[in-house]
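Please read the following walk through a single chain with the coordinates open beside the text. It goes from single loop residues to strands, ring pairs and cores.

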Amino acid sequence: EHIRAGTDGDGVGLRAGLDDGDVQAAGQGGRVLGQADDHRAVPSGDGGNAAQALPVAGRGAGAVQGGGHVLGRKRRAVGEHDAGTQGDGPGAGIIVVGVGVRQHGLGPEFLVQGEKALVQQLAHRLLQNKKNVVTMLARGEWKERLDQRGLVIRHWAQCRTTVDRVATIDTLAPDDCYDLVFVTMQAGQLPDVLPILKQNRSEYFVFVGNDPHAVEVMQAMQRPVDKIAFGFQNNAGRREHDRLVSVHMGMGMTVGGATAPLSGAFRLRLQAAFEGTHYKLTYYSDMDEWLKSHIAFILPCAYACYAVDGELSRTTVEQRRMIVDAAWECCEMLKAAGVPVNDAENTDRYREGTKQRKKTERMVYWMAQTVVGKWCISDHAMRAVSEMQYLDEAFAALRATTLVEMTAWDELRRSLPRKK
């Protein structure tokens, strides 16, 4: 079976000719799968297991992939690269699409629906490399707008608007083969489509976004560990009627393997795709740790948003202090659960009495008082309640394996909407 667009969504695709430095045969390229909106997949028939939540697996044993290779353990950042500095090379092919699944009629209909700020900004950057041939996977009215008007983005901080002409498609089939696949879905939706992604012929996948189960996703894809990467892109925004309003102060992505550095071949593919786009690639050797540590701060911020109905400017001094306290408690919990948290980049920033703590408190205050904080934190938290609930459940499962007390965390967590 294949993934086909439904009635009103979007995604992005791009074909390329890079194969570890060699040009591929015609027709091969890469795909980027974009984040779905707040739809939950409901597979049927043989795909029934796809809807099950990914379990929280232990990290000590590592993952066995690629003919028995045992995944190594490294956790420090291993450098960064500005994709705009690369020389000429073969063009890269990428598709950025959003995927969700729902029941329709007698069988499953596959909805492809991108999370607007992430997918569209990623597509825009890829389009800046003229060697790339980009295609957006879109649906319904949104597909018509793209075909008629192009990809319109208002860059809020830069006070400018860009328009990119881009081809669109509405189907993703298992035998489609691309050089890169960027999967950018809301946490909680990915388990529903992993079986479909696993069947796709493409080799190299980059899963972009908040994901507390990077190791489990890597294992579920059943590919060598050096063919699966995880990343986080630093922008926010919202889609208005006929355009995306994007907030970013320099675009880039932190990217790496689940628990090991990316291979040189994978880095070459990414660098070729973003060549000349002023898009910084920061490589990190343990994205499972990075993502969990990032979520340790995101969840308390989301809890506080729910306490004030999304109006962060209404948070009290005590609530803002508890956000930082809760992040510190969560880092301690993650370490107790066996996650090798990078203290210098996380725990020490939240620890009471340190200079880093004061900087973090000022940042939280600034976030609460400006439109940037509203777009980066509260708007997303209020629109993606199911995602925050999924992240909360994942961390509750980790916490259950420890004895760490989390007083501030529990106080803020009371405001999280409960599932109906």
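At 62% relative accessibility, His278 counts as exposed, because exposed means over 50% relative accessible area, buried means under 20% and partly exposed lies in between, with a 1.4 Å probe and protein chains only. The place of His278 is the loop between helix H5 (264-273) and strand S21 (280-284), where helices (H or I, at least four residues) and strands (E, at least two) are DSSP runs numbered from the N terminus. Its phi is near 55°, a positive value in a residue other than glycine. Most residues other than glycine have a negative phi. Gln222 also has a positive phi, of about 55°, although it is not a glycine; it lies in the loop between H4 and S17 and, at 56% relative accessibility, counts as exposed.

The model is predicted, so that local features need pLDDT of at least 70 and side-chain atom pairs count only at pLDDT 80 or more, while totals for chains, interfaces and linings use all residues. Residues are numbered from 1 along each chain as its sequence is written, and side-chain values use heavy atoms, with hydrogens and water left out.

The secondary structure of the chain comes to twelve helices and 21 strands, and buried residues make up 57% of its 420 residues. Among contacts (heavy atoms within 4.5 Å) with a separation of 6 or more, 79% are between residues 24 or more positions apart.

Strand S16 (residues 205-208) offers a good place to look at the strands. In a regular strand the side chains alternate between the two faces of the sheet. In S16 both faces are covered, with Phe205 and Phe207 buried on one side and Val206 and Val208 buried on the other. Strand S15 (residues 180-183) runs parallel to S16 and is joined to it by three bridges, two strands being paired if DSSP finds at least two bridges between them; within this pairing, the bridge partner of Phe182 is Val206. Between these two strands the chain crosses through helix H3 (residues 190-199), and this β-α-β crossover is right-handed, a term that applies if, with the strands pointing away from the viewer, the path from the first strand over the helix to the second runs clockwise. S16 also pairs in the parallel sense with strand S17 (residues 228-233), over four bridges, and here Phe207 has Phe230 as its bridge partner. S16, helix H4 (residues 214-221) and S17 make a right-handed β-α-β unit.

The aromatic rings come next. A pair of aromatic rings is described by the distance of the centres and the angle of the planes. Rings of Phe, Tyr and Trp (its six-membered ring) pair if their centres lie within 6.5 Å, and planes under 30 degrees apart count as stacked, over 60 as edge-to-face and the rest as tilted. By this rule the count comes to nine aromatic pairs. The rings of Phe232 and Trp290 have centres 5.6 Å apart and planes at 40°, so this pair is tilted; because Phe232 lies in strand S17 and Trp290 in helix H6, the pair ties together parts that are 58 residues apart in sequence. For Phe297 and Tyr350 the centres are 5.9 Å apart and the planes are at 5°, so this pair is stacked. Phe297 lies in helix H6 and Tyr350 in helix H8, so the pair ties together parts that are 53 residues apart in sequence, and both residues are buried. Ring pairs also link Phe182, Phe274 and Tyr279 into a cluster.

What, finally, fills the largest nonpolar core? A nonpolar core is a set of buried Ala, Val, Leu, Ile, Met, Phe, Trp, Tyr and Cys residues joined through side-chain atoms within 4.5 Å. The largest has 41 residues, of which Leu299, Cys330, Leu334, Met388, Phe395 and Trp409 touch the most other members. Helices H6 (287-307), H7, H9 (355-369), H10 (371-383), H11 (385-399) and H12 (407-413) each supply at least two residues of this core, and the largest share, eleven residues, comes from H6. Leaving aside neighbours within four places in sequence, Cys330 is in contact with Ala296, Phe395, Met406 and Trp409. A second, separate core of 29 residues includes Trp142, Met251, Phe266 and Phe274.
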